[in-house]
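User: Could you zoom in on one packing contact in this model and then work outward from there? Keep it chatty, but spell out the cut-offs.

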Amino acid sequence: MRTEGGRGDGKIHAGRALPPPFKGLGLGRVPVPAGSPGGTAPLTPGPGEAGNQLPLGFGRIVSLLKSAGCVFAEDEATLLLAADSSPAQLSLNVQRRIEGVPLEHILGWAEFAGGRIAVEPGVFVPRRRTELLVNQALDLLSGGVLEVPPDGVLAAPPVVVDLCCGSGAVGTAILRRAPYVELHAADIEPAAVRCAWRNLEPLGGHVHWGDLFSALPPALLGRVAVLAVNAPYVPTQAIRTMPPEARLYEPAVSLDGGPDGLDFHRRVAAGGIHWLAPHGHLLIETSDRQSGRTSDIMAAAGFAVRTVRSDEVDGTVVVGRRPAITDIQGATKALHGKRPNSNGPAP
Ligand SMILES: C[S@@+](CC[C@H](N)C(=O)[O-])C[C@H]1O[C@@H](n2cnc3c(N)ncnc32)[C@H](O)[C@@H]1O
């Protein structure tokens, strides 16, 4: 699980642990032995370590990671050693970590919402703060998010959509705890879609590729009970101030929310209202600082909104309840000054 600062909770976290500015070890690249993957030679063995015959020891890895500015060096060394790697692969993994590659991309998984999520290079690493989005979705589902018919029986399982799904972490965590839902996830990045498919397909989830709602099967229009969205919300100019792990190893498309960071919130609010069932809910992760504007955007689109904040995970989610059908056209016009765009159904 990623963290941006000290946690001190005694647990192992595959953590975002290299605060800016990243302090490289200055080891540089050494001549590449034939067959060495990735063009990086194994690290020089430490005292008592016999070349490539033995893997790097715990103490040596900790000291290398600490020298590189790694905050959770012991935890990370434990995880790197626990990975089923050959000595040469272990050396390479330590070298890559020192170079700033996110630990989750090296290990191939991230801890999220109490379970492991497969994460591939080039795919956004799920953050702990997003567990709030999962918990809010689960609360709504367990509280009966939809209007129950007089006979008390829903005709079909509730539909949940994880839009801008990345690795599919949100949908996977929901499906693990609420296996009765019909789960759909979508993303525009092929690598993310592939990764989400790895996580969700074994659980019976459906994964789609494309731009926001255009990726979803039209049969879901007006049927979604919970639309959970962690879309990019970093203002374009702020990306350069992000830690190198995000800036260099996560694709810009997973971070860039446009000039004020809220481009996706506007598109999702305007389009989402058409995909929700009566009494369905839109949940958007945002930052504490942007939450007022995210909330205004959703209210202007016609949602009844409330904001939920968790200091424990440093997460913020705006929850919007779909209004009565008659409000929708007017609200969409108010937001855009025109008829629904391509994110909604055809006018
Ligand atoms: C901040 S990441 C969040 C990923 C995932 N929801 C999570 O919490 O781990 C945003 C994701 O939005 C996806 N994305 C960006 N633009 C998109 C678009 N136009 N349509 C669908 N997905 C998009 C990116 O590829 C990225 O995976």
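Analyst: Helix 9 (residues 263-275) and helix 10 (residues 291-300) pack with their axes 9 Å apart, at an angle of about 25°. Axes here are lines fitted to C-alpha atoms, for helices over the stretch in contact, with angles from 0 to 180 degrees between N-to-C directions. Helices (H or I, at least four residues) and strands (E, at least two) are DSSP runs, numbered from the N terminus. Bear in mind that this is a predicted model: local features need pLDDT of at least 70, side-chain atom pairs count only at pLDDT 80 or more, and totals for chains, interfaces and linings use all residues. Residue numbers start from 1 along each chain as its sequence is written.

That angle is why helix 9 and helix 10 come out roughly parallel to each other (under 35 degrees; over 145 is roughly antiparallel, 65 to 115 roughly perpendicular, the rest oblique). Their crossing is right-handed, which is to say the near helix is turned clockwise from the far one by less than a right angle; anticlockwise would be left-handed. Helix 9 brings H265, R266 and A269 to the contact, and helix 10 brings T294, I297 and M298, where contact means C-beta atoms, placed from the backbone, within 7 Å. By class that's 3 nonpolar, 2 polar and 1 charged residues (Ala, Val, Leu, Ile, Met, Phe, Trp, Tyr, Cys and Pro are nonpolar; Asp, Glu, Lys and Arg charged; the others, Gly among them, polar).

Just past helix 9 comes strand 7 (residues 276-286), where you'll find H279. H279 has a phi near 70°, positive in a residue other than glycine. Most residues other than glycine have a negative phi. H279 is partly exposed, with 16 other C-beta atoms within 10 Å; the scale calls 20 or more buried, 12 or fewer exposed, and anything in between partly exposed, again with C-beta atoms placed from the backbone.

V224, by contrast, is buried, with 27 such neighbours within 10 Å. V224 sits in strand 6 (residues 224-229). Leaving out residues up to four places away in sequence, V224 touches V159, V161, W275, L276, A277 and G280. V224 and P158 are 66 residues apart in sequence, yet 7.2 Å apart in space, C-alpha to C-alpha.

C164 is worth a look too: it lies in the loop between strand 3 (159-163) and helix 6 (169-177). C164 has a positive phi, near 60°, and counts as buried because it has 25 C-beta neighbours inside 10 Å. C164 is also among the residues nearest the ligand, along with G166, I188, E189 and S254, out of 20 around it (C-beta atom within 6 Å). That shell holds 12 nonpolar, 5 polar and 3 charged residues.

Back to helix pairs: helix 1 (58-67) and helix 3 (87-98) help cover the buried residues of helix 2, as does helix 4 (103-107). Those buried residues are A73, D75, E76, A77, L79 and L80. Helix 1 and helix 3 also pack on each other, at about 20° with axes 9 Å apart, so they too are roughly parallel. Their crossing is right-handed. Here I61, L64 and L65 in helix 1 meet V94, R97 and I98 in helix 3, making 5 nonpolar, no polar and 1 charged.

Zooming all the way out, the protein chain has 11 helices and 9 strands, and 45% of its 347 residues are buried.

Note on methods: Contact = placed C-beta atoms within 7 Å.
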